[in-house]
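Q: I would like to go through the charged side chains in this structure. Could we begin with one pair and work outward?

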Amino acid sequence: ILSDKSPYVVIEADEYDRSFLHLEPYIATITSADPDHLDIYGNKENYLEAFAQFTEKIRPDGYLIIHEGLEVTPRTQEGVKCFVYGRESGDFHAENIRIGSGRIIFDYISPWQRINDVELGVPVSINIDNGIASMAMAEICGVSAEELKEGMRSFAGADRRFDFHIKENDLVLL
């Protein structure tokens, strides 16, 4: 959803057919680089090379946020600020993770601030990592601590292309 209140658009870039190499992002987050689509890339080295090429596309005034432990070797332009995120370590990370009673709550740590008691709207463990990355990007774009907490708490999950919106005997809308 585009808003007249923000100059930003968030997309999920797809490495499948190398289409992500057509982007020139302000902020890029690499969440995973496990070799995939080897029918396209041929081997792991070519796959990881494509991610290195993607990092070259980040604008010189931009940011790269990469999950800790990935084999990607960034080749960013001069001026790009690079950060690492992870569940419990990195420039952006979580501390004091509490999981129970259908809830996940953690303290968000960034180079600039600590936000206590962030609750995930979708209490699934992988969303700790995804939430940290999302909060890092939003924080860089100037979103306040209160807005970050509310955004994470109210997030109900991404719509999927095969989600049912209407499912009745005579009408199905995906």
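A: Certainly. This is a predicted model, and a good starting pair is E71 and K44, which form a salt bridge with their closest N and O atoms 2.9 Å apart.

Q: Where do E71 and K44 lie?

A: E71 is in the loop between strand 2 (63–67) and strand 3 (81–85), while K44 belongs to helix 2 (residues 44–56), so the salt bridge ties together parts that are 27 residues apart in sequence.

Q: Is E71 buried or exposed?

A: E71 is exposed, as its relative accessible area is 51%. K44 is partly exposed, with a value of 32%.

Q: Which residue does R75 pair with?

A: R75 forms a salt bridge with E56, and the closest N and O atoms are 3.1 Å apart. R75 lies in the loop between strand 2 and strand 3 and E56 in helix 2, so this pair links parts that are 19 residues apart in sequence.

Q: And how accessible are R75 and E56?

A: R75 counts as partly exposed at 34% relative accessibility, and E56 also counts as partly exposed, at 35%.

Q: Turning to the strands, what joins R98 and D117?

A: Their side chains meet in a salt bridge, at 2.4 Å from N to O. Since R98 lies in strand 4 (residues 93–100) and D117 in strand 6 (residues 114–119), the pair ties together parts that are 19 residues apart in sequence.

Q: Which residues are in the network joined by shared partners?

A: The network joins E95, R98, D107, R114 and D117 through salt bridges that share partners. Of these residues, R98 is partly exposed at 27% relative accessibility, and D117 is partly exposed at 42%.

Q: How many salt bridges does the count come to?

A: The count comes to 11 salt bridges.

Q: Why do such pairs form at all?

A: Side chains of opposite charge can pair when their charged atoms come close.

Q: A change of topic: where is D129?

A: D129 lies in helix 3, which covers residues 126–140.

Q: Does D129 count as buried or exposed, and why?

A: D129 counts as buried because its relative accessibility is 7%, under the 20% cut-off.

Q: Which side chain does D129 make a polar contact with?

A: The side chain of D129 makes a polar contact with the side chain of H67, at 2.8 Å.

Q: What else is D129 in contact with?

A: Leaving aside neighbours within four places in sequence, D129 is in contact with Y85, G86 and R87 as well as H67.

Technical notes. Residues are numbered from 1 along each chain as its sequence is written. This is a predicted model: local features need pLDDT of at least 70, side-chain atom pairs count only at pLDDT 80 or more; totals for chains, interfaces and linings use all residues. Side-chain values use heavy atoms; hydrogens and water are left out. Helices (H or I, at least four residues) and strands (E, at least two) are DSSP runs, numbered from the N terminus. Buried means under 20% relative accessible area, exposed over 50%, partly exposed in between (1.4 Å probe, protein chains only). A polar contact is a pair of N or O atoms within 3.5 Å; within protein, one must be able to donate a hydrogen and the other to accept it, and residues adjacent in sequence count only if both atoms are side-chain atoms. Contact means heavy atoms within 4.5 Å. A salt bridge is a side-chain nitrogen of Lys or Arg within 4 Å of a carboxyl oxygen of Asp or Glu.
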